[in-house]
Amino acid sequence: QVQLVESGGGSVQAGGSLRLSCAASGDTLRRYSMAWFRQAPGKEREGIAVAIDGGGSTVYIYYADSVKGRFTISQNNAENTLDLVMNSLQPEDTAMYYCAAARQRLYSFTWSTVGEYDYWGQGTQVTVSS
């Protein structure tokens, strides 16, 4: 099974940027559908970005509408990491951010469902001040 550890969280002002990284051990990330979720206090966990290996060099990437155009997900197979670059951060982006891995192939209509994922990291906090 794979173990996931997130890093890169912190506190920034509105309009700033952060880069989160998820380091995997125990298995290769290419065997999984990999996603970033976030959870703000009092709210449900929200899927924000996913990278799905489609075979060969094909990777399907989906974003939640709330982050589309501002966040970029990428997978570094050589380093076995999953990154999330977050630009134009706003106070509503404040949350605990989690990396997640799913053994099964995911699709555009299933990737944001928490129950589809088998492994989770411990999370990294992102705080955006106005």
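**View 1. Cys 22 is buried, with a relative accessible area of 0%, in this predicted model.** The view is centred on the disulfide that Cys 22 forms with Cys 99, in which the two sulfur atoms are 2.1 Å apart. A disulfide is a covalent bond between the sulfur atoms of two cysteines. Cys 99, like its partner, counts as buried because its relative accessible area is 0%, which is under the 20% limit for a buried residue. The torsion about the S-S bond of Cys 22 and Cys 99 is about -75°, and the disulfide is therefore left-handed. The bond links distant parts of the chain: Cys 22 belongs to strand β3 (residues 18–25), Cys 99 belongs to strand β9 (residues 95–102), and the two cysteines are 77 residues apart. A search of the whole structure finds one disulfide.

**View 2. Four strands form an open sheet in the order β1-β3-β8-β7.** The pairing within this sheet is antiparallel. Strands of a sheet pair through backbone hydrogen bonds, either parallel or antiparallel. Which strands stand at the edges? They are β1 (3–7) and β7 (71–76); each has a single partner strand, so one side of each is left without a neighbour in the sheet. On average, and with direction ignored, neighbouring strands of this sheet are turned by 15° against each other.

**View 3. The edge strand β7 pairs with strand β8 (residues 81–86).** Six bridges join β7 and β8, and the pairing is antiparallel. One pair of bridge partners may be picked out here: Ser 74 has Asp 83, in β8, as its partner. In a regular strand the side chains alternate between the two faces of the sheet.

**View 4. Glu 6, a residue of strand β1, is buried yet has no salt bridge.** How far away is the nearest side chain of opposite charge? That side chain belongs to Arg 45, and the distance is 7.5 Å; a salt bridge requires the charged atoms to be within 4 Å. The side chain of Glu 6 does reach the backbone of the chain at other points. The backbone nitrogen of Gln 122 is reached at 3.0 Å, and the backbone nitrogen of Gly 123 is reached at 2.9 Å.

**View 5. Strand β4 (residues 33–39) is largely enclosed by the rest of the structure, because six of its seven residues are buried.** Strand β4 pairs with β9 through seven bridges, and the two strands run antiparallel. In this pairing, Ser 33 stands opposite Ala 102 in β9. Strand β9 is also the strand that contains Cys 99, the cysteine shown in View 1.

**View 6. Strands β4 and β5 (residues 46–55) pair in the antiparallel sense and form a hairpin.** Five bridges join β4 and β5. Arg 38 stands opposite Glu 46 in β5. How many residues lie between the strands of this hairpin? There are six, and in the hairpin Gly 42 takes a positive phi near 80°.

**View 7. Gly 10, in strand β2 (residues 10–13), is shown together with Thr 94.** Gly 10 is partly exposed, because its relative accessible area is 21%. Gly 10 and Thr 94 are 84 residues apart in sequence, whereas in space their C-alpha atoms are 9.9 Å apart.

Terms used: Residues are numbered from 1 along each chain as its sequence is written. This is a predicted model: local features need pLDDT of at least 70, side-chain atom pairs count only at pLDDT 80 or more; totals for chains, interfaces and linings use all residues. Side-chain values use heavy atoms; hydrogens and water are left out. Two strands pair if DSSP finds at least two bridges between them. Axes are lines fitted to C-alpha atoms, for helices over the stretch in contact, and angles run from 0 to 180 degrees between N-to-C directions. A disulfide is a pair of cysteine sulfur atoms within 2.5 Å. Buried means under 20% relative accessible area, exposed over 50%, partly exposed in between (1.4 Å probe, protein chains only). Lys and Arg count as positive and Asp and Glu as negative; His and the chain ends are not counted. A polar contact is a pair of N or O atoms within 3.5 Å; within protein, one must be able to donate a hydrogen and the other to accept it, and residues adjacent in sequence count only if both atoms are side-chain atoms.
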